[in-house]
Amino acid sequence: MKYVPVESSVDSIVVEKLVEVQLPPDSATIRALLECDENGKVVLSWLDIANSKNAQAQLAIDSLGNLLAKMRTQQDTIYLPSKEVTVTKEVKVPYPVEKELTRWQQMKLELGGWAFGIIIAFALIIVGWMIYKSRKK
């Protein structure tokens with residue numbers, strides 16, 4: 001059997017892109033009291049405008065008594081930079097051995113495992129024989 005070391009490599013790709021993010025809806029509240037004066041013209045008695053962060057409301061009455069309302073809002077979608085990392089599957093690439101084992105080295109490797117097993121078996125036999133002798137007395 002020929003031993004071939006294996007080198008593993010992992011490739012990753014980083015992609016920078018813009019990601020669309022929806023802003024929450026926003027609103028503004030206008031409360032006003034409009035009354036007529038003695039000449040029949042519309043008069044603004046009081047006005048309360050509650051603007052939020054992303055919405056700005058304006059209310060006015062022109063000289064003819066027309067009610068003018070304007071609302072300005074920011075875009076509801078923004079784009080934020082984001083990084084997306086893609087990791088590809090680990091690829092095992094075999095590469096050649098620097099130096100092959102000689103027949104003697106290969107035999108020593110294979111016989112080493114057998115010898116270790118024989119030594120353990122022999123030690124168990126001796127321990128078992130000693131226990132048997134001590135019980136027999």
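Where in the protein chain is confidence lowest, and where is it highest? Keep that in mind, because what we have here is a predicted model. The low point is strand E1, residues 6–9, with a mean of 64. The high point is H1, with a mean of 88. For the protein chain overall, the mean pLDDT is 79, and 88% of the residues reach 70 or more.

Okay, let's start with that helix. H1 covers residues 103–136, which makes 34 residues. At 1.5 Å a residue, we'd expect a span of 50 Å, and the C-alpha atoms at the two ends are 49 Å apart, so the two values agree. There's a bend in there too: find leucine 111, and you'll see H1 turn by about 25°.

Now the salt bridges. How many turn up when you search the whole structure? Two.

One of them pairs lysine 17 with glutamate 84, side chain to side chain, at 2.8 Å from N to O. What I like here is that this pair links distant parts of the chain. Lysine 17 sits in strand E2, residues 12–22, while glutamate 84 belongs to strand E7, residues 77–87, and they're 67 residues apart. Are these two buried, exposed or partly exposed? Lysine 17 has 41% relative accessibility, so we call it partly exposed. Glutamate 84 comes in at 35%, so that one is partly exposed as well.

Then there's arginine 31 with aspartate 48, where the closest N and O atoms are 3.7 Å apart. Arginine 31 is in strand E3 and aspartate 48 is in strand E4, so this bridge ties together parts 17 residues apart in sequence. Arginine 31 is partly exposed, because its relative accessible area is 47%. Aspartate 48 has 34% relative accessibility, so partly exposed is the label there too.

Stay with E3 and E4 for a second, and look at the surface. Which residues form the nonpolar patch? They're Ile30, Leu34, Val42, Leu44, Leu47 and Leu67, and together they have about 440 Å² of accessible area. Strand E3, running 29–36, and strand E4, running 42–50, each give at least two residues to the patch. E4 has the largest share, with three.

Let's zoom in on one of the patch members, leucine 44. You'll find leucine 44 in strand E4. Why does leucine 44 count as partly exposed? Because its relative accessibility is 32%, and partly exposed runs from 20% to 50%.

That's my tour, thanks for listening!

Terms used
Residues numbered from 1 in each chain as written. Predicted model: local features only at pLDDT ≥ 70, side-chain atom pairs only at ≥ 80, totals over all residues. Heavy atoms only, no water. Patch = residues over 30% accessible without salt bridge, like charges linked within 9 Å, V, L, I, M, F, W, Y side chains within 5 Å. Areas by Shrake-Rupley, 256 points an atom, 1.4 Å probe, with all protein chains shown as cover. Salt bridge = Lys/Arg side-chain N within 4 Å of Asp/Glu carboxyl O. Helix = DSSP H or I, 4+ residues; strand = E, 2+ residues; numbered from the N terminus. Buried < 20%, exposed > 50% of the residue type's maximum accessible area, 1.4 Å probe, protein only. Expected span 1.5 Å × (residues − 1). Bend = angle between axes of the 7 residues up to and from the residue. pLDDT = per-residue confidence, 0-100.
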